[in-house]
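Grab a coffee and work through a few short exercises on charged side chains. Try each task yourself before you read the solution.

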Amino acid sequence: MLHHAQRSRHFPCSFQLQFPHFPATQTRLFSSIFSSILNLCKKPRHLPQIHARFILHGLHQNPTVSSHLIDSYANFGLLNLSLQLFDSITTPSSQIYNTILRNLATLGEYKRTLLIFKDMVVNKSMYPNEKTYPFVLRACSCLLDVECGKMVHGQLVKLGFDSFEVVDDALVQFYRGFTEFEQKVVDEKPLKGLGFWKCLIFEASQSVSSVSVINLLRESVDLGSLITGKAVHCLVLVSDLSEDLSVNTAMLSMYSKLGSLKNARWLFEKMPEKDLVVWNIMISAYSQHGNPKESLEKLRCMANSGVRADMFTAIPAISSIRQLKSIECGKQMHAHVMRNSLDYQVSVHNSLIDMYCECHCLMHAQRIFENVTTKTVVSWSSMIKGYINHNQNLDALSLFSRMKTDGVKADFITVINILPACVNIGALEQVKCLHGYSLKFGLNLMSSVNSALLISYAKCGCIDMARKLFDEEKIDGKDIITWNSMISAHAKHGDWSQCFELYNQMKQLNMKLDQVTFLGLLTACVNSGLVKEGRAFFKEMREIYGCQPSQEHYACMVDLLGRAGHINEARELVKKMPFKPDTRVWGPLLSACKLHSETKFAESAADRLLTMEPENAGNYVLLSNIYAAAGKWDKFAKMRRLLKEKGLKKTPGCSWLQIKGHVHEFLAADQSHPKANDIYALLGILEFAIKEAKDQPAGKVS
């Protein structure tokens, strides 16, 4: 923090001299004159001369003049002189503090902004005004200092500044990306006052103009009110503004943003004139609301109408192709982008990387990524996610390491994307490093990051660390995803009692349980053989919470009943499914038939599986083992012959173990490890010891 004791080092000692006292009226006169002179100053070398006059006339401590001079120095890029001037003021007023804070934040001195802000609040018991708080929030945002931002938010509420629209918008901008916080701020954002709406409506009623209507449409979007938007649309129809392109564009934007595609489509078809912006709104609306085919159809119609696409056409079109996973369309779109020079923005490259990764063309995605000269964090994150989705975990981790070497700071999305790669290869130390990084930059304050870390620790076997993360998070900061993640973690570790305890806590908090919650509970029942409890949960999710079971829920119930020997009940459940069962349901049923030697039912389940997954060698192996156990060697031989003819091989089981930061990979019956002989020798010793212990009488076992 800057102290007055240091000020003599920053500014000439002449500032500490005593000057004659002028009457207040004369001081105000000089203040006005010198402020006017500063407004006329166009060259930075003249500022020190004017400053010297301030000192001569004893105005160097005047808040108005000093604030004006601080602004002038900063406007010429002389921030160091602004700071020296600030340090020279014996008792800075709130006006002086507000001025220096705004200039520091504007010129990117975010750390110093927060230091002076804390000095102002803690040591001087003063607070910025509503115009300065947005600059303080910007500093918190750029430094990822969520705790400081939340403290500032508390001050704003306490002082009543959150009622100012400029402050409210700054809060939303600060929480941008922190999804759960952002939504909370947006939800709690005060509605525009009655006076505001009266003013807008009065303006519209006096003279209905395109400007007043567009303002009403924008406010309808801010309110999230489709009814209000439709009312404004009626006003447009009776006011002869339906031919105005700007009004029609605003209405189309309103309908698309509020998710009313039916009304947007109707308006679009009725519009007498359609420019590029109108086409882009419709193409983007279809893409964002899960209608990729319609989006691309609108793109084709736009091209046929002679309107030339731009970057804002390309991005939603590429997104639509990504949703369809159509590599041919993707290549055509890529060629169109290149041919028309629409790839001048990195966001287009990022969209293409995403699209190629989703279309399983990782090589093309890599080529685009390497050719991008101005890579953003989104570029890196998209490529990392692509590697992980294609099970290239080591490549993903290598790219993440390269990203850090290049000095690119990972954001919360990158952290969430890279964690599965660490889990997939059992790299617990990497998970810990990412946890430390999240703590350092405040990313762990977001539930999405916390949940991802929790899941990663649990999958790496550190259930205690996962539970610690869960317990440390405040109860009101836990969303449904966090609760579900913890239930699923305990379920996979076979700790059904903790799952049920969390389930009861959620009910006490009146939380709305969803499909994922019950999937975790059913998984716990499967792993612990709790048939009665599983039946109760399956019934409760439908009858009490109105959650329709998915394939995964039915798969859990079939697995639970099958393991317990209730094969007939499991088969009846499959028959009553409201949709066609897939491999996730037939697989557990086939395994249950093998477990309980139900050869007849096994053949029926296997036929379905082999039809759905003809290239899955595991299904053939499982059925052949069932035939072998039943002594049906002719059918066993047939299954093995089919495996050989199709050239199928069962994917061997694989495990990873991290020792001293190095990951060791083990396959079933694998001899490739450099210490394979020592490992198998030790396994032999353990097998012998186990067998010997089994052969001993119970009383002699130590």
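**Salt bridges, step by step**

Glu552, Asp582 and Arg584 are tied together in a network of salt bridges. Keep in mind that this is a predicted model. Eleven salt bridges turn up in the structure, and the exercises pick out some pairs.

**Exercise 1.** Work out which parts of the chain the salt bridge between Glu358 and Lys325 links.

*Solution.* Start with the contact: the closest N and O atoms of Glu358 and Lys325 are 3.8 Å apart, and the cut-off is 4 Å, so the pair counts as a salt bridge. Next, place the partners. Glu358 sits in helix 21 (residues 346-358), while Lys325 is in the loop between helix 19 (311-324) and helix 20 (327-339). They are 33 residues apart, so this bridge links distant parts of the chain. Last, check exposure: Glu358 is partly exposed at 26% relative accessibility, and Lys325 is partly exposed too, at 47%.

**Exercise 2.** Find how many residues separate Glu429 and Lys432, and say what that amounts to in the helix.

*Solution.* The two side chains form a salt bridge at 3.8 Å, N to O. Both residues belong to helix 26 (residues 428-440), and they are three residues apart, which means about one helical turn between them. For exposure, Glu429 comes out at 38% and Lys432 at 40%, so each is partly exposed.

**Exercise 3.** Decide whether Arg467 is buried or exposed.

*Solution.* Arg467 pairs with Asp471 in a salt bridge of 3.1 Å, N to O. The two are four residues apart in helix 28 (residues 463-472), about one turn. Buried means under 20%; Arg467 has 16% relative accessibility, so Arg467 is buried. Asp471, at 47%, is partly exposed.

Key. Residues are numbered from 1 along each chain as its sequence is written. This is a predicted model: local features need pLDDT of at least 70, side-chain atom pairs count only at pLDDT 80 or more; totals for chains, interfaces and linings use all residues. Side-chain values use heavy atoms; hydrogens and water are left out. Buried means under 20% relative accessible area, exposed over 50%, partly exposed in between (1.4 Å probe, protein chains only).
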